Amino acid sequence: SQFWGPDVLDKNHYLAKGKKLSFFVFYPDASASFDFMAIDSDGRIYEADTVQVFDGKEKTVTINDRNLTNRTVDKMPMTEVIVTNTTDSSLDFAFFAPADSKIWGLEVLNSSRTLRSGEEVSFLVLLAGENFDMEFMALGEDGREYQRTITIGTTQQTLGLSVGPKNLVK
């Protein structure tokens, strides 16, 4: 995709220096490649390009000074997307990716969170200078799948994304 996925840490979390965070990745083929971006507390941007993943194999991505770019976050406008679970069950897995992507990418709730009925979580998404669609897909604790598409505009600050019974995939 030409667009970045959401900030998987959400706006209220960070990854401290030297700490790890684990995510599941969903992709349809036996392998896939991803680009990762990280932004530190000073607004500096780090990128790891074309990281390869393969079925059944754990992959570690380490972000360090070799990944530092010459860009800063102040030049990259973002919008906040607030996802609310209006289903009758908890959402155990969620994926949020640009609609033009062939893969769902990282599981955005990570391996330690669920989104209970009535709860919300927010994500930051980089604006792209043009409107683009993002797709949200979640799996409930009962095994049901939900999907929803949202358009990210060029100047929006906050968008709501409610995921409920009408988004159930039959």
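**Entry 1: Arg 144**

I started with Arg 144, which is partly exposed in this predicted model. Its relative accessible area comes out at 34%. Next I looked up its partner: Arg 144 forms a salt bridge with Asp 142. The closest N and O atoms of that pair are 2.6 Å apart. I checked the partner's surroundings too, and Asp 142 counts as partly exposed, at 40% relative accessibility.

A reminder to myself on the chemistry: side chains of opposite charge can pair when their charged atoms come close.

**Entry 2: Arg 44**

Which residues does Arg 44 pair with? I found a salt bridge to Asp 40, with the closest N and O atoms 2.7 Å apart. I also found one to Asp 42, where the closest N and O atoms are 3.9 Å apart. That second contact still qualifies because the cut-off is within 4 Å.

Then I turned to accessibility. Arg 44 is partly exposed, with a relative accessible area of 35%. Asp 42 has 60% relative accessibility, so I put it down as exposed, the class for values over 50%.

**Entry 3: putting it together**

I followed the links around Arg 44 once more. Asp 40, Asp 42 and Arg 44 are joined in a network of salt bridges.

Last lookup of the day: how many salt bridges does a search of the whole structure find? The count is five, and among them are the pair Arg 144 and Asp 142 and the pair Arg 44 and Asp 40.

Methods
Residues numbered from 1 in each chain as written. Predicted model: local features only at pLDDT ≥ 70, side-chain atom pairs only at ≥ 80, totals over all residues. Heavy atoms only, no water. Salt bridge = Lys/Arg side-chain N within 4 Å of Asp/Glu carboxyl O. Buried < 20%, exposed > 50% of the residue type's maximum accessible area, 1.4 Å probe, protein only.
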